[in-house]
Amino acid sequence: MTHQINKVKPQHPITLFQNPKSGHCHKVSLFMALNAIPFITVEPDMASGEHKSERFSVLNVFKQVPVITDGDITLADSNAILVYLINAYADSDYWLGKSAKEKALIQRWLSVSAGELAKGPAAARLEYVFGATVHVPTVLATSATLLENMEAHLSISKSVFLVGHHVTAADIAMYSYMAHAPEGGISLEKHPHIIEWLRAIESLNGFVPMPSSDIAPVRN
């Protein structure tokens with residue numbers, strides 16, 4: 001599947017500080033790959049707490065990845081980075097919407113990615129992949145509601161994508177943690193429209209997957 005690629009490129013490759021198994025980081029690298037934006041990656045030693053160091057806090061006061069540096073510009077937060085990359089090196093009307101309605105609908109899904117997705121499937125995966133402690137009942141309830149609402153939205157949509165008839169920032173923001181939800185025990189088997197949506201993104205020219213982890217026992 002083809003999509004629009006802008007010819008504007010950074011003067012030098014963008015540096016992405018990342019954890020390769022972080023969905024927040026993957027959405028950034030996925031967007032750059034889809035748009036042929038040159039970049040290099042740096043992987044702080046998360047196990048030793050390098051990302052919590054004072055040196056790293058110069059890049060991000062919240063001491064989290066992803067972070068990018070583009071010349072003299074340093075940015076953190078995956079959605080903020082996504083918006084920056086779109087406005088700097090892609091077609092903003094294509095990726096962020098042309099009409100007021102499209103822009104609002106795409107922003108809605110960016111908010112969902114930072115809210116229900118992060119607190120649901122992403123949090124469930126944190127427990128299994130990274131050993132984090134989460135409140136399982138809340139995580140499972142949040143995941144179930146998100147999957148139900150997203151499946152319903154896609155089932156009545158006239159497009160396989162979340163907003164409009166082509167891939168947008170909404171799809172990129174939602175993809176990584178949804179695709180890897182089974183690694184947190186969140187099954188997608190009863191949600192055929194979500195699975196179709198995932199496959200549509202994976203068929204885009206330039207698509208790169210996030211490294212997989214073991215599938216966890218189903219618990220939703």
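**Figure 1. The hairpin of β3 and β4 in a predicted model.** Start with V67, which sits opposite A76 of β4. β3 and β4 run antiparallel, and four bridges hold the pair together on paper. Between the two strands of this hairpin there are two residues. Look for G71 here: its phi is positive, near 65°.

**Figure 2. Just ahead of β3, a cis peptide bond.** Step back along the chain to P66, found in the loop between α2 (54–57) and β3. The bond that leads from V65 into P66 is cis, and its omega is near 10°.

**Figure 3. The whole sheet, strand by strand.** Now zoom out a little to see four strands making an open sheet, lined up as β2-β1-β3-β4 with mixed pairing. β2 (39–42) and β4 (73–76) are the edge strands; each has a single partner, so one side of each has no neighbour in the sheet. From one strand to the next, the twist averages 20°. As a bit of background, strands in a sheet pair through backbone hydrogen bonds, and they can do that in parallel or antiparallel fashion.

**Figure 4. β1 meets β2, with a helix packed on the sheet.** Strand β1 covers residues 14–17 and runs parallel to β2, joined to it by four bridges. One spot to find is T15, standing opposite I40 in β2. Helix α1 (residues 23–34) packs on the sheet and touches β1, β2 and β3 (67–70). The direction of α1 makes about 155° with that of β1.

**Figure 5. A36, a residue with a positive phi.** Follow the chain into the loop between α1 and β2, and you'll come across A36. A36 is not a glycine, yet its phi is positive, at about 55°.

**Figure 6. Helices α3 and α5 side by side.** Here α3 (residues 78–89) packs with α5 (residues 100–114), their axes 10 Å apart and the angle about 150°. That angle makes α3 roughly antiparallel to α5. On the α3 side, the residues in contact are N79, L82 and V83, and they meet L110, S113 and A114 of α5. Sorted by class, this contact has four nonpolar and two polar residues, with no charged ones.

**Figure 7. Helices α8 and α10 crossing.** For another kind of packing, turn to α8 (residues 136–156) and α10 (residues 192–202), whose axes come within 8 Å and cross at roughly 75°. That makes α8 roughly perpendicular to α10. From α8, L147, M150, E151, L154 and S155 take part, meeting P192, H193, I194 and W197 in α10. Six nonpolar, two polar and one charged residues make up the contact.

**Figure 8. The cavity and its lining.** Empty space can be found by rolling a probe the size of a water molecule over the atoms. Across the whole structure, a search turns up one cavity of 30 Å³ or more. The largest cavity holds about 40 Å³ of space. Around it you'll find G23, H24, K27, S113, L117, A173, S176 and Y177. α1 and α9 (169–179) each give at least two residues to this lining. By class, the lining has three nonpolar, four polar and one charged residues.

Conventions:
Residues numbered from 1 in each chain as written. Predicted model: local features only at pLDDT ≥ 70, side-chain atom pairs only at ≥ 80, totals over all residues. Heavy atoms only, no water. Pairing = 2+ DSSP bridges. Axes fitted to C-alpha atoms, helices over the stretch in contact; angles between N-to-C directions. Contact = heavy atoms within 4.5 Å. Parallel < 35°, antiparallel > 145°, perpendicular 65-115°, else oblique. Nonpolar A, V, L, I, M, F, W, Y, C, P; charged D, E, K, R; others polar. 1 Å grid on protein atoms, 1.4 Å probe; cavity = no way out; pocket = protein on both sides within 12 Å on 5 of 7 lines; lining within 4 Å. Points joined across faces, edges and corners; volume = space filled by probe spheres on them.
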